[in-house]
Amino acid sequence: MANPNIGETIFWVVGSVNYHWTNLFVAAWIYGISYTLQNNDKKIRILMVIISLLAGCSNESVAPFVIGSSLLAICYDFWKRKSFDINKVIYTFIAVVGACILILAPGNFIRAKETPIWLGKSFLEKIVFHFTERLSGHLALIWISYVVLALLALIAVISARKGTPVSRKRIYATYLMIAIAVGTSFIMFISPSYPDRVVNGTLMFLLFSISFLGHGILETADRRNILNINIVTFLCLATFLWSYSLMYSAYTRVYVQDKVRMKIIADEIAKNQESFSIPEFYFSKLQNSGGHFGLFHAPNLYGRYFGAKEIFKTIVKFDYSVMYSGQKGVLDDYTRYYTNEPGDFMLVSAKSLEGEMAITVNGNKVSYTLETFTKATVND
């Protein structure tokens, strides 16, 4: 429901490797370091060494906080016992090695050279730009997680006032996860780019905070708290069903739009056209603006795949799936129309259309000014 860009974190293989599966390693690392602290485990676990390396290699927004959390575990040990265990030091060192592998990779320096304007900005300019131009829009993508966390916080406050407080251990863990979530967004002021998919790391730590706080509320074993948790869970389920229905509707239509695009490509290639356009996918309303799949389009690569020179895309601000799924009619030698039962109506013409169009629906004649139609030009 709150995925900032499902196309680039789930459907895109490279994106999922960088911003989805790496988060799994971070989650495993957090579980491992929590187990180590709670059980005062002093053994050097080979699995934790491997997970520390993978968590350190996670991604640019999360890796620094894996190291920071590991250092915090060492400091906590020293504060509590005036000493620290060698296993935590090793886990921290390995996480640093993983982060160095990630950050010092040659590709990062190559990409950095491609943004000389950003490199020329001062430290303060980068911070101001990040906080005023980029941060708010990206954090808005995961608004549902804020709502759920706020509801749980309200339940925890009410519970504490009625004599059944959530354990301090769970509260502190919640605060820590929120602080890291905020940090993963703030730290991106260093980067010349801040794509939506990076916010997946922020979402992950917010989910951890929700988990810690929700678990702490359930630990109170208070019947009212359990009921309130069930209510929040029901609200999440209802939101998911609403979100899924919107997504299913949008993707169903996009699937049909792809058939229209393939037909255009086949027709243009049959006419020996080397360079031409196809309409961009149009998504109907989604619960989250990050709910569509990736729309990256390289004209030369797209053309090469289908045996043409270049295939461009044209932005189309309406659903054109009716061209494939609807009924077809002819108005004149230049113009065809398409319509379907839901009421979609589309005109396709080889010449510019002006004036009015009269349509009879259930015996009622309705006139529309053609200038009010949403338009797009795709090829000649």
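This report walks through the nonpolar cores, two helix pairings and one buried histidine of a predicted model.

## The largest nonpolar core

A good place to start is the largest nonpolar core, which holds 45 residues. The members that touch the most other members are Val26, Trp29, Ile30, Val66, Leu152, Phe205 and Ile217. Several helices supply two or more residues each: helix 2 (13-38), helix 3 (46-56), helix 4 (63-81), helix 5 (86-103), helix 9 (143-161), helix 10 (168-186), helix 11 (199-219) and helix 12 (223-270). Helix 11 gives the most, with nine residues.

Leu152 is a handy residue to look at here. Setting aside neighbours within four places in sequence, Leu152 is in contact with Ile210, Leu213, Gly214, Ile217 and Ile229. There is also a second core, separate from this one, with 22 residues, among them Val254, Ile265, Leu286 and Val348.

## Helix 12 and its partners

Two pairings of helix 12 are worth viewing side by side. In one, the axes of helix 11 and helix 12 come within 8 Å and cross at roughly 145 degrees. Here Gly214, Ile217 and Leu218 of helix 11 meet Asn225, Ile226 and Ile229 of helix 12. That contact is made up of four nonpolar and two polar residues, with no charged ones.

In the other, the axes of helix 9 and helix 12 come within 10 Å, crossing at roughly 170 degrees. Angles over 145 degrees count as roughly antiparallel, so helix 9 and helix 12 run roughly antiparallel to each other. On the helix 9 side, the contact is formed by Ile144, Val148, Leu151, Leu152, Ile155 and Ser159. Their counterparts in helix 12 are Asn225, Asn228, Ile229, Val232, Leu235, Cys236 and Thr239. By class, nine residues of this contact are nonpolar, four are polar and none is charged. If you are following Leu152 from the core, you will find it again in this contact, on helix 9.

## A buried histidine

Now move along to His297, which sits in the loop between strand 1 (275-279) and helix 13 (299-306). Is this loop residue, His297, buried or exposed? His297 counts as buried, because its relative accessibility is 14% and the cut-off for buried is under 20%.

What does His297 touch, leaving out residues up to four places away in sequence? The list is Ile278, Tyr302, Ile311, Phe312 and Lys313. With Ile311 there is a polar approach as well: a polar atom of the His297 side chain lies 2.6 Å from the backbone oxygen of Ile311.

Notes
Residues numbered from 1 in each chain as written. Predicted model: local features only at pLDDT ≥ 70, side-chain atom pairs only at ≥ 80, totals over all residues. Heavy atoms only, no water. Core = buried A, V, L, I, M, F, W, Y, C linked by side-chain atoms within 4.5 Å. Buried < 20%, exposed > 50% of the residue type's maximum accessible area, 1.4 Å probe, protein only. Helix = DSSP H or I, 4+ residues; strand = E, 2+ residues; numbered from the N terminus. Contact = heavy atoms within 4.5 Å. Axes fitted to C-alpha atoms, helices over the stretch in contact; angles between N-to-C directions. Nonpolar A, V, L, I, M, F, W, Y, C, P; charged D, E, K, R; others polar. Parallel < 35°, antiparallel > 145°, perpendicular 65-115°, else oblique. Polar contact = N/O pair within 3.5 Å; in protein donor to acceptor, adjacent residues only side chain to side chain.
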